[in-house]
Amino acid sequence: MINFFRNIRRQLANENKFQRYFRYAFGEVALIMIGIFMALQLQNWNEKRKQEIQFKATLEQLYNTITDDLWYYDDATNNSKNVVNTIDELLNYTDGMPYQDLPMNLWYTTFSNKYGYDPESLLILKNLEYNTENHDQINLANQLQSYATLITNKTKEYLKIETRINEKLLQNNIPFPKLDLENTNKGLISDSTYYNNEDYLNCKKLLKDTNFRTHLKSQRTQVSFNSLDFKVLYNDALAMLKLIKNYYPEVKLLFQDVGIIGTSIDGFDDVGARSTPMTLKDEEQSIWEITLFLKEGRVKFRCRDSWAQNWGGSTFPSGETIFEGPDIPVKEAGNYRVILNLTTNSYKFIKQD
């Protein structure tokens, strides 16, 4: 095309037709400019497309980590309520009440979720790069940054009253409950196989100590505040998930190698059991299924044959998944089709004929 214009221009110059010569020369320049403009537009479009792909990839990471945050905040809220109830029981304790649970309950008052969680979302948010000309990306990035700020502010340390309670318990010779390393599924042991009568007597004396009761009352108030903070964080995390879903409707949870484990199959880790792999039936909704024979017993779901991500529940044959929750009781042996939905946080055990 350029050679075509050049030949015409040369011919017009030789024929001294300068008006037409300049017209064609201008057309040639205009054609070059249009070509450059189109190339720049194509390059700009390609850069925006690459940036959008990267932006969505980071959003998908955030969608998954904020989902983890959501589960943690829900679990922490419930734990805070249980701690408050435990403190109330201890403050109302009388000598005529059962004393076997006193050591465990006293130590449980110091179990605070407030400072033990380090959200991965904060790290990923640092890598979120948005297009400064894309208002939708700017607005979403600002909302996500406000979530990060909220996490930082809400998890600042308050009065570490549980430290003082710990010190009091140790000063009064009340040891922390025992963990059975050979069978960690038993949890903490605080029965008569670990504590003796002197330990129980020390617990009763401590509950009558005015200074210690002041610590318990203060801890109750602190944990109550924590519970309110966790509710705020939970609601904000839920809002962030909705914002990400609105911007990127195809976003999905990225769980891999989900399996089921428990005494209803081959046992837990204490006997060397491994997770029985489940099949991903719906990648969009993160629905996992398996059909297998289950004995009467207990089961849980987990990822990558590890307890880093695991879900339990309190009801059978269906219910709501609880992140790091209790074992799901299988109350009747039989062949079951097990369905785990990690989007709706639910499970079903459907007995087969």
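Me: How much surface does the protein expose, and what share of it do carbon and sulfur atoms supply?

Reply: In this predicted model, the protein exposes about 20200 Å², and carbon and sulfur atoms supply 51% of that area. The complementary view is burial: of the 353 residues of the protein, 41% count as buried.

Me: What does the secondary structure come to, and what share of the contacts join residues at least 24 apart?

Reply: The protein comes to eight helices and 13 strands. When contacts between residues at least 6 apart in sequence are considered, 71% of them join residues at least 24 apart.

Me: Let us turn to pockets. What is the volume of the second largest pocket, and which residues are the closest to its centre?

Reply: The general idea is that rolling a probe the size of a water molecule over the atoms shows where empty space is left. Here the second largest pocket has a volume of about 380 Å³, and of the 22 residues that line this pocket, Thr67, Leu70, Trp71, Thr343 and Asn345 are the closest to its centre.

Me: Which elements supply at least two residues each of that lining, and how do the lining residues divide into nonpolar, polar and charged?

Reply: The elements that each supply at least two lining residues are α2 (18–91), α8 (210–247) and β10 (322–323), and the largest share, six residues, comes from α2. By residue type, the lining of the second largest pocket divides into eleven nonpolar, five polar and six charged residues.

Me: How many disulfides does the structure hold, and are Cys203 and Cys303 buried or exposed?

Reply: A disulfide is a covalent bond between the sulfur atoms of two cysteines. The structure holds zero disulfides. As for the two cysteines you name, Cys203 has a relative accessible area of 0% and Cys303 one of 1%, so both fall under the 20% cut-off and count as buried.

Me: Which residues here have a positive phi although they are not glycines, and where are they found?

Reply: Asp305 is one of them, with a positive phi of about 55°, and this residue is found in the loop between β7 (297–303) and β8. Glu324 also has a positive phi of about 55° without being a glycine, and the place of Glu324 is in the loop between β10 and β11 (328–330). Because partly exposed covers the range between 20% and 50% relative accessible area, Asp305 at 25% and Glu324 at 44% both count as partly exposed.

Me: Which residues are joined by a cis peptide bond?

Reply: Phe316 and Pro317 are joined in this way, with omega at about 15°. Pro317 has its place in the loop between β8 (310–312) and β9 (318–320).

Me: How far apart are the C-alpha atoms of Asp269 and Asp305, and what separates Ser192 and Gln100 in space?

Reply: For such a pair, separation along the chain and separation in space are read side by side. Asp269 and Asp305 are 36 residues apart along the chain, and their C-alpha atoms are separated by 9.8 Å; Asp269 is found in the loop between β3 (258–262) and β4 (276–277) and counts as partly exposed at 34% relative accessibility. Ser192 and Gln100, 92 residues apart in sequence, are 7.5 Å apart from C-alpha to C-alpha. The place of Ser192 is in the loop between β2 (188–189) and α7 (197–207), and at 60% relative accessibility Ser192 counts as exposed.

Key:
Residues numbered from 1 in each chain as written. Predicted model: local features only at pLDDT ≥ 70, side-chain atom pairs only at ≥ 80, totals over all residues. Heavy atoms only, no water. Helix = DSSP H or I, 4+ residues; strand = E, 2+ residues; numbered from the N terminus. Buried < 20%, exposed > 50% of the residue type's maximum accessible area, 1.4 Å probe, protein only. Contact = heavy atoms within 4.5 Å. Areas by Shrake-Rupley, 256 points an atom, 1.4 Å probe, with all protein chains shown as cover. 1 Å grid on protein atoms, 1.4 Å probe; cavity = no way out; pocket = protein on both sides within 12 Å on 5 of 7 lines; lining within 4 Å. Points joined across faces, edges and corners; volume = space filled by probe spheres on them. Nonpolar A, V, L, I, M, F, W, Y, C, P; charged D, E, K, R; others polar. Disulfide = S-S within 2.5 Å.
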